[in-house]
Number of protein chains: 2
Amino acid sequence: MMTTIEGLGEFALITRVTSQFPRTADVILGPGDDAAVVASPDGRTVASTDLLVEGRHFKREWSTARDVGHRAVAQNYADIMAMGARPTGMLIGFAAPPDLPVVWAEEFTAGARDECALAGGAVVGGDMVGSDVLTIAVTALGDLEGRSPVRRDGARPGEIVAYTGHLGLSAAGLALLDQGLEGPGECLDEHRRPSPPYTAGPEAARLGATAMLDVSDGLLQDLGHIAASSGVAIDLESEAFSPEPALLEAVRVLGAPEGKALDAARRLMLSGGEDHALAAVFPSEVELPDHWRRVGATRSLPEGARSGDVRVTVDGTVMDGGGWDHFRRG
Amino acid sequence: MMTTIEGLGEFALITRVTSQFPRTADVILGPGDDAAVVASPDGRTVASTDLLVEGRHFKREWSTARDVGHRAVAQNYADIMAMGARPTGMLIGFAAPPDLPVVWAEEFTAGARDECALAGGAVVGGDMVGSDVLTIAVTALGDLEGRSPVRRDGARPGEIVAYTGHLGLSAAGLALLDQGLEGPGECLDEHRRPSPPYTAGPEAARLGATAMLDVSDGLLQDLGHIAASSGVAIDLESEAFSPEPALLEAVRVLGAPEGKALDAARRLMLSGGEDHALAAVFPSEVELPDHWRRVGATRSLPEGARSGDVRVTVDGTVMDGGGWDHFRRG
């Protein structure tokens with residue numbers, strides 16, 4: 001019989017889980033006290049929080065516990081690096097039904113630990129409680145290393161819009177899983193374990209990015225936030241979006257006719273959620289490293305533009321960005 | 001008809017909620033970007049996280065939304081001050097069913113805002129998602145102002161054990177609610193809106209406390225953590241525990257015979273959960289301000305004591321501390 005967390009008990013589970021997390025140089029005091037203490041040498045702390053709810057943000061049938069651990073950490077540290085900061089520490093709240101197998105909690109922990117190692121941060125604390133719905137609350141902390149935070153509202157007209165990371169693969173992976181399809185694996189993997197370009201955030205800040213964000217709700221919708229906050233329009237060129245081979249393969253597997261595969265793939269790159277790529281705006285004179293893909297430019301708002309007007313175009317046309325509203329059903 | 005959060009929509013709700021939170025001097029960048037930026041002038045950040053699950057940590061029949069907002073903030077900032085730190089910023093994750101009335105979210109926000117004002121911290125960010133179970137994830141941040149964090153493991157033999165804040169009232173309040181009893185109001189209030197002695201944490205650190213913690217699982221169990229971590233025994237004297245009049249009244253209302261009311265009240269002070277009082281150990285020469293109540297002393301472990309042995313006595317006797325395991329049912 002599988003041991004459940006109820007059978008093991010809260011304190012034994014906490015001990016078993018926290019012993020897995022290595023300490024980094026940023027950990028001044030790790031789990032086990034009222035609170036953790038994390039280094040913030042910059043004198044400012046960057047902080048972000050996310051909730052992952054079973055059935056809404058992950059499914060145990062579609063993702064392993066290890067995948068969910070990776071994802072919980074990845075999507076949060078993606079927010080930290082999208083400010084131009086370096087991940088330092090993380091707190092994980094874990095609300096679970098009493099019949100959750102201990103092995104699920106352990107595998108989740110292993111995934112979180114491994115993703116922390118990729119991102120360079122540590123797990124420093126958390127909470128464990130019972131709930132009928134498996135829910136994971138992650139809070140990530142980061143250090144700016146003396147840089148200014150790269151916000152959403154700093155873009156100016158005449159600048160370059162670029163991204164780095166994977167666009168569209170996660171949404172394709174979700175669609176494949178939804179239809180019970182097994183490949184291409186890169187898309188399934190990217191949905192189960194997104195791979196944010198962690199070092200690109202601080203890099204963009206050093207390069208002088210004027211605005212930046214983590215692409216989580218779809219590129220069009222997220223660039224809409226930059227446009228609205230900064231008071232600029234953004235024009236994208238569809239030709240600049242070169243789908244990865246796995247994405248093209250995925251849209252074919254999903255039924256796109258041959259002549260429409262490129263369009264379908266680009267649509268996923270523009271509108272698919274949960275990419276955790278990084279989108280940024282740079283002054284036009286910045287020379288971008290190769291892993292940044294230039295996809296458009298900012299311009300002044302047309303005269304008479306009002307707050308709420310759509311400000312992101314693709315090939316000169318406003319495209320429906322899709323996007324997510326977490327309280328809408330199905 | 002009551003407007004639900006599904007009807008209002010995620011972004012409108014976020015706008016409505018975040019506009020309520022005032023900025024303090026510690027808020028460098030508030031809600032609305034990928035992450036918040038909070039001042040941490042000490043160069044170290046104290047961080048703690050808690051989950052509150054409806055039906056387990058609060059009931060909508062027993063507590064107003066405003067109460068839950070107060071409590072969510074209070075129990076988290078209590079952890080910050082129990083390290084000797086000053087509350088600075090807070091992130092609130094909010095997972096709610098689509099049919100939650102908007103007014104509940106707004107009242108929760110108002111309670112959280114008001115408790116933040118009491119504690120001196122600010123709400124700087126959060127997350128809103130859908131879930132079948134109303135769940136609130138709070139992460140609190142604090143600044144040590146140059147002091148050393150007061151941990152659980154620093155107590156030495158021959159020191160003073162003391163507490164400040166309210167003991168037993170919250171547990172009495174819970175028992176009263178459970179039996180449908182309406183008073184005494186101080187106990188109900190303390191359960192619904194605990195009042196941690198926020199400034200006493202930094203004060204204790206300045207006075208030289210060697211160990212300290214937030215009393216959340218019952219004083220005996222929590223002092224057991226200090227004893228185990230520090231490698232000392234703790235002896236408490238029941239005579240030192242003077243129940244507040246409201247607590248004595250509550251145990252009478254709950255049915256304690258007149259001759260047993262004092263004992264019953266002291267039992268709640270020793271074992272009741274969710275007090276959010278502050279317990280600390282001080283060197284014997286420290287002169288404690290009046291709001292600290294001296295209740296016992298530390299001594300060396302008896303020879304041959306092993307890890308796991310019970311190390312907290314009351315009047316020389318080991319008492320069952322009760323205590324909570326969050327994964328056990330009912």
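The buried residues of helix H7 (200-207) of chain B are covered by elements of chain B that include helix H3 (65-81), strand E7 (160-164), strand E8 (211-215) and strand E10 (277-282). Here buried means under 20% relative accessible area with a 1.4 Å probe, protein chains only; helices (H or I, at least four residues) and strands (E, at least two) are DSSP runs numbered from the N terminus; and contact means heavy atoms within 4.5 Å.

This is a predicted model, in which local features need pLDDT of at least 70 and side-chain atom pairs count only at pLDDT 80 or more, whereas totals for chains, interfaces and linings use all residues. Residues are numbered from 1 along each chain as its sequence is written, chains are lettered from A in the order in which they are written, and side-chain values use heavy atoms, without hydrogens and water.

Helix H7(B) is mostly covered, with six of its eight residues buried. Just after H7(B), B:Gly208 has a positive phi of about 100°. The table sets out the buried residues of two helices.

| Helix of chain B | Buried residues |
|---|---|
| H7 (residues 200-207) | B:Ala200, B:Gly201, B:Pro202, B:Glu203, B:Ala204, B:Ala205 |
| H10 (residues 261-271) | B:Ala261, B:Ala265, B:Arg266, B:Met269, B:Leu270, B:Ser271 |

The buried residues of H10(B) pack against E7, helix H8 (219-230), strand E9 (232-236), helix H9 (245-253) and strand E12 (312-314) of chain B.

A turn of 180° with a shift of 0.0 Å along the axis lays chain B on chain A with an RMSD of 0.0 Å. This is the relation of a two-fold axis. Copies are superposed by least squares on the C-alpha atoms of residues with pLDDT of at least 70 in both. Within chain B, B:Gly43 comes closest to the rotation axis, at 2.5 Å (C-alpha). Because 100% of the interface residues of chain B are also interface residues in chain A, the copies meet through the same surface.

Notes: Buried < 20%, exposed > 50% of the residue type's maximum accessible area, 1.4 Å probe, protein only.
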